[in-house]
Amino acid sequence: MTDDLPAAERGKRAAAARALEFVEDGMKLGLGTGSTAAWFVDLLGQRMRAEGLRVTGVPSSSRTRARAEGLGIPLATLDEAGWLDLTIDGADEFDADLNLIKGGGGALLREKIVATACDRMVVITDPSKEVARLGAYPLPVEVVRFGASATMRLIAALLEHHDVDGRDVTRRPGGDGPYISDEGNTIVDLALGRIGDPARLNAALNAIPGVVETGLFCGIAAAVVVGEPDGTARVIGQI
Ligand code: 5RP
């Protein structure tokens, strides 16, 4: 019974339901990863069955692919789709400028590729993700496995020159050994506390050779939909 859901889940569901209103027949959709994005995939599947809505989804992870396939949502790779109309994804944090931290679910690389290969990225969240400044949530950074320890040392050294409150760099554990992403890389989490200049930090981290991508999404999201436990949702930005 979904009415027995915890408040945060009801908020996520409300955000997903509001974002579903932006979906039009024939669209090519980027499908995000995580528990909020899973609500969107579920509601999308329901609406397709109920209304005969036709869309093509491009999943940002193997988990989302499996979920969407189970619901009978037609899927394509990003190469097959070419360009997307809309991407709907969750976030771990967002600020007033719609900068995001993503990657808590370990899918940040494919998520950023999908989010930047579309006309509009819309983020769906519950209110707990809204922050005055990014950084309380540890920043995920996807790193090539070869020489990952050396890359981590370079990241730690780089952080000395950035406006952050913490500088701990840890390798994310997986089920059996380090976490491995869908693209075969590992993930390190940066406990920064506060990120003074997200765009500058993103550019600097991405200049380190072993870094594949960071979970900082700056200037990518067009809007954030914040769902409340009472089922209402507010939209920040332009859809
Ligand atoms: C996965 C992500 C997720 O969007 C992010 O972690 C939010 O997840 P959730 O909706 O479960 O809170 O970036 O890599």
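**Note on the ligand site and Glu 69**

1. Start with Glu 111. One of its polar side-chain atoms lies 3.0 Å from an oxygen atom of the ligand. Keep in mind that this is a predicted model.

2. Asp 92 also reaches the ligand. Here a polar side-chain atom is 2.6 Å from a ligand oxygen atom. Lys 129 makes a further contact: an N or O atom in its side chain is 2.8 Å from an oxygen atom of the ligand. The ligand is well wrapped in one plain sense: on its own it has 380 Å² of accessible area, and the protein covers 90% of that.

3. Now the wider surroundings. The ligand sits in the second largest pocket. How many residues surround the ligand? There are 17, and the closest are Ser 35, Thr 36, Asp 92, Gly 103 and Lys 129. Asp 92 and Lys 129 thus appear both in that list and among the side chains described above.

4. What is the make-up of this shell? Nine of its residues are polar, six are charged and two are nonpolar.

5. A separate point concerns Glu 69. This residue belongs to helix 3, which spans residues 62-70. Is Glu 69 buried or exposed? Its relative accessible area is 47%. Buried would need a value under 20% and exposed one over 50%, so Glu 69 counts as partly exposed.

6. Last, a distance along the fold. Glu 69 and Gly 57 are 12 residues apart along the chain, and their C-alpha atoms are separated by 9.8 Å.

Technical notes. Residues are numbered from 1 along each chain as its sequence is written. This is a predicted model: local features need pLDDT of at least 70, side-chain atom pairs count only at pLDDT 80 or more; totals for chains, interfaces and linings use all residues. Side-chain values use heavy atoms; hydrogens and water are left out. A residue is near a molecule or strand if one of its heavy atoms lies within 4 Å of it. A polar contact is a pair of N or O atoms within 3.5 Å; within protein, one must be able to donate a hydrogen and the other to accept it, and residues adjacent in sequence count only if both atoms are side-chain atoms. Accessible areas come from the Shrake-Rupley method with a 1.4 Å probe; for residues, only the protein chains shown count as cover. On a 1 Å grid over the protein atoms alone, a cavity is a set of points where a 1.4 Å probe fits but cannot get out, and a pocket is an open set with protein on both sides within 12 Å along at least five of seven lines; lining residues have an atom within 4 Å of a point. A molecule sits in a cavity or pocket if more than half of its atoms lie within 2 Å of its grid points. Ala, Val, Leu, Ile, Met, Phe, Trp, Tyr, Cys and Pro count as nonpolar, Asp, Glu, Lys and Arg as charged, and the others, Gly among them, as polar. Helices (H or I, at least four residues) and strands (E, at least two) are DSSP runs, numbered from the N terminus. Buried means under 20% relative accessible area, exposed over 50%, partly exposed in between (1.4 Å probe, protein chains only).
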